[in-house]
Amino acid sequence: MLGDKQFDVVVDGKTITIATGGFAEQAGGAVTVRQGDTLLLATATMSRTTREGINFFPLTIDYEERMYAGGKIPGSFFRREGRPPETAILIDRLTDRPLRPLFPKDMRNDVQVIIYSLSSDGETPIDVLAILGASAALTISDVPFDGPVGSIRVGRNPEGEFIFNPSYQEAASNGLDLRMAGRRDAIMMVECNADELDEQTIVSALEAGHDEMMALIEVQEKMREELGKAKRDYPPFAPEPEVEQAIAEWGEEKIKELANATHDKAGFYSAMDAFVEEATEALEEQKSSDVRDVLWSKVKGAVRERVLSGGTRLDGRDPGDLRPLDVQVDLSPRAHGSGLFKRGETQVLTLATLGTPRERQELDILAPVEQKRYMHHYNFPPFSTGETKFLRGASRREIGHGVLAERALLPVMPSQDEFPYTMRLVSEVLSSNGSTSMASVCGSTIALLDTGVPIKAPVAGIAMGLISDGERNAILTDIQGVEDQLGDMDFKVAGTREGITALQMDIKIKGVTSQLMSDALAQALEARLTILDKIAEVIPEPRKEMKPHAPRMTVIKIDPQKIGAVIGPGGKVIRGIQDETGARIDIEDDGTIYIASTDGEGAKAALEMVERLIEEAVVGRIYTGKVVRTTDFGAFVEILPNKDGLVHISQLAPERIEKVEDVARVGEEITVMVTAIDPAGKIRLSRTAVLEGWTLDEAIERDRPPKRNSQRRGRPRRDNRSR
């Protein structure tokens, strides 16, 4: 393991080793983190200069997933890592959330954390180790950072007891996969997938996880004491003191008036733009950017005070109020399902598509997941906020929101045995004013119901906010965009009537208590039930019939040894069936065959053709087949696809015939009975048995080989007895 200084900590019987020293020496701080055979390298570095002209802290988290860590060669054409997969982007975002609030607010130097996967054992999840590695690297580095942060995964064992840092397999099998990070006195980040667990179980898991992560915080504090570098100075970003004084003297009453008025989104931002322009002209001797920043800070403080002192929110709502809701279904004539969900000025249209198993997403990642049959994609176009920008593909935010909605719905999705389709949902944000990700959850539920997918229960999502001054707290239901910008927390909660399916928490302060989270979850439950009631008014359950243009799926199971007969040489047979019937056919290695078609007759024809390909000849059964070859002693008749048998010349007709071709020419169809199948699979047929109406026993008796007459010369006389 890299590093000549090693520190061990045990979490739930698993040893985590953090090491540093002797590698990546030019980075501000560098550590390796190991659990089992999973090993990560994390580095943290700060630029030496301040980035000018920005009003935010430029932090970048980059997790680089290297396929060599799992002993794999990348599957791309170039055989090297390209664009980061979704899993890497999610780890970037997961790591960013608990770290960002702990940097100085007035710092504008770039800070970059880079994490490499050096080894992956396929059992140990990488994400919470990445947070731990990033925190440890920052803690011992020269970068100003108010850490350390502990990070941990909480799952459950089959008895329902909490376990910590479980394997992939353990985390997926018992209904809870909770990732969290925090400091000694507060929780910083939560992300959770759950199988409809109640709020109290989630709170108990958070409390247990916070207690367990203390050892991870203590080991980092020990590293800082023994090895930590002195923190570097930086030029603080702050407006000149006289700007604040000038604005206070010029516009204190105007700020209060603006902050205490009732606004919608457009009205508030228009009022702010006009206010900034007025102040800039009135205070022309001051730097315009300083005037803007101070004004925003003061309005933010006034709006927060309005809420904390018991007043209404910017749009006039009380803290627990939802905005008006609207639900519509069946909006696209050709999509297999569609649903529109609107909450205030946030509006999301979700469209569903059903496909065959071959349309599953194949994954080339380190996690032990090879494919997905349910995908959720989220698009956030610039017109949704009244802006313009280049369209450059899915951003990290779009990928993260899509996966959050996907995870929220995954616990209620039917199994492949119940519903053998591949499912893709796409949420198009048409208008945005707060929590489009949770609106996507609601829109997706509506689209799934409209499609006819037999989900176990509808799911709804709501975003909760927080305004806190350390002593007073106001929890806000259904936050709009301004409240996200001016508030301290964005806590997304999704679930059914029975319990929670997904959580995600972002905060801007240095942590929240489990009691605050408990209160937020209770308030979110009320809102979730209201939304579910609204959805039920419009579409209470999945449609009984799918749309006419949605594919119908027929599933059959065959002996895996017969797969080759269905596929044919080079795929010729299966392509021919698809071309002739218009159906799509997928075959799994275990012999499961999926036949999909929007045309019922086409699906039926394809099924019959497949069944004939795998059908076995049955002794005593009558078949109509085509003569494929003739010889002096009989005709070979194809009674099933690629399966023929011999009709001996003595069994071609009741009367004696001189030549086979007299009654059976190549290409002609004749009707025959199967009279015998030998151990090698050779089939004996009789045409005479059909013509004479014999039973199987009669056919067998009259098809016995004739006795040879030693007195005759030449060919033995055929026995053509018919009666």
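Which strands does helix α9 lie across? I looked this up first, keeping in mind that I'm working with a predicted model. Helix α9, residues 396-409, lies across β16 and β17 (422-431). Its run makes about 140° with β16.

**Entry 1: the sheet under the helix**

Next I wanted the sheet that these strands belong to. I found an open sheet of five strands in the order β11-β12-β13-β17-β16, and the pairing is mixed. The edges are β11 (325-329) and β16 (374-379), each of which pairs on one side only. I also checked the twist: ignoring direction, neighbouring strands here are turned by 15° against each other on average. A reminder to myself: strands of a sheet pair through backbone hydrogen bonds, either parallel or antiparallel.

**Entry 2: around β12**

I went through the partners of β12 one at a time. On one side, β11 joins β12 through five bridges, and the two run antiparallel. Val327 has Phe341 in β12 as its bridge partner. On the other side, seven bridges link β12 (residues 337-343) to β13 (residues 346-355), again antiparallel. In that pairing I noted Leu340 opposite Leu349, and Gly337 with Ala352 as its bridge partner.

β12 and β13 make a hairpin with two residues between the strands. Gly344 has a positive phi there, near 65°.

How many of the seven residues of β12 are buried? I got six, so the strand is largely enclosed by the rest of the structure.

**Entry 3: another helix on the sheet**

After β12 and β13, I turned to helix α10 (residues 436-451), which packs on the sheet and touches β11, β12, β13, β16 and β17. The direction of α10 makes about 145° with that of β12.

**Entry 4: α9 meets α1**

Helix α9 came up again when I looked at α1. Their axes come within 10 Å and cross at roughly 100°. Angles of 65 to 115 degrees count as roughly perpendicular, and α1 and α9 are therefore roughly perpendicular to each other. I listed who touches whom: Glu86, Ile89, Leu90, Asp92 and Arg93 in α1 meet Arg396, Arg397, Ile399, Gly400, His401, Val403 and Arg407 in α9.

**Entry 5: β4, β5 and β6**

Here I found β6 with two partners to write down. β4 pairs with β6 in the antiparallel sense over nine bridges, and Leu40 has Ser117 in β6 as its bridge partner. β5 and β6 run parallel and are joined by six bridges. In that pairing, Asp62 stands opposite Ile114 of β6.

**Entry 6: aromatic rings**

I searched the whole structure for aromatic pairs and got eight. One of them is Phe57 with Phe103: the ring centres are 4.8 Å apart and the planes sit at 35°, so I logged the pair as tilted. Why does this pair tie together parts that are 46 residues apart in sequence? Because Phe57 lies in the loop between β4 (38-50) and β5 (59-64), while Phe103 lies in the loop between α1 (86-99) and β6 (109-119).

Are Phe57 and Phe103 buried or exposed? The cut-off for buried is under 20% relative accessible area. Phe57 is at 9%, so I call Phe57 buried. Phe103 is at 3%, so Phe103 is buried as well.

I also noted Phe419 and Tyr421, with ring centres 4.6 Å apart and planes at 40°, so that pair is tilted too. Both Phe419 and Tyr421 are buried. Back at Phe57, I found one aromatic cluster made of Phe57, Phe103 and Phe145.

**Entry 7: charges over rings**

I wrote down two cases. Arg66 lies over the face of Tyr116, 4.8 Å from the ring centre. Arg629 has its charged end over the ring of Phe636, at 4.1 Å from the centre.

**Entry 8: two buried residues**

Ala186 is in the loop between β9 (176-182) and β10 (187-197). With a relative accessible area of 7%, Ala186 is buried. Which residues does Ala186 touch, leaving out those up to four places away in sequence? I found His210, Lys510, Gly511 and Val512. Ala186 and Lys510 are 324 residues apart in sequence, yet their C-alpha atoms are 7.3 Å apart in space.

Last came Thr20, in strand β2 (residues 14-20). Thr20 is buried at 9% relative accessible area. Beyond its neighbours within four places in sequence, Thr20 has contacts that include Gly3, Ala30, Ile140 and Leu227.

Notes. Residues are numbered from 1 along each chain as its sequence is written. This is a predicted model: local features need pLDDT of at least 70, side-chain atom pairs count only at pLDDT 80 or more; totals for chains, interfaces and linings use all residues. Side-chain values use heavy atoms; hydrogens and water are left out. Two strands pair if DSSP finds at least two bridges between them. Helices (H or I, at least four residues) and strands (E, at least two) are DSSP runs, numbered from the N terminus. Axes are lines fitted to C-alpha atoms, for helices over the stretch in contact, and angles run from 0 to 180 degrees between N-to-C directions. Contact means heavy atoms within 4.5 Å. Rings of Phe, Tyr and Trp (its six-membered ring) pair if their centres lie within 6.5 Å; planes under 30 degrees apart count as stacked, over 60 as edge-to-face and the rest as tilted. Buried means under 20% relative accessible area, exposed over 50%, partly exposed in between (1.4 Å probe, protein chains only). A charge sits over a ring if NZ of Lys or CZ of Arg is within 6 Å of the ring centre and within 35 degrees of the ring normal. Angles under 35 degrees count as roughly parallel, over 145 as roughly antiparallel, 65 to 115 as roughly perpendicular and the rest as oblique.
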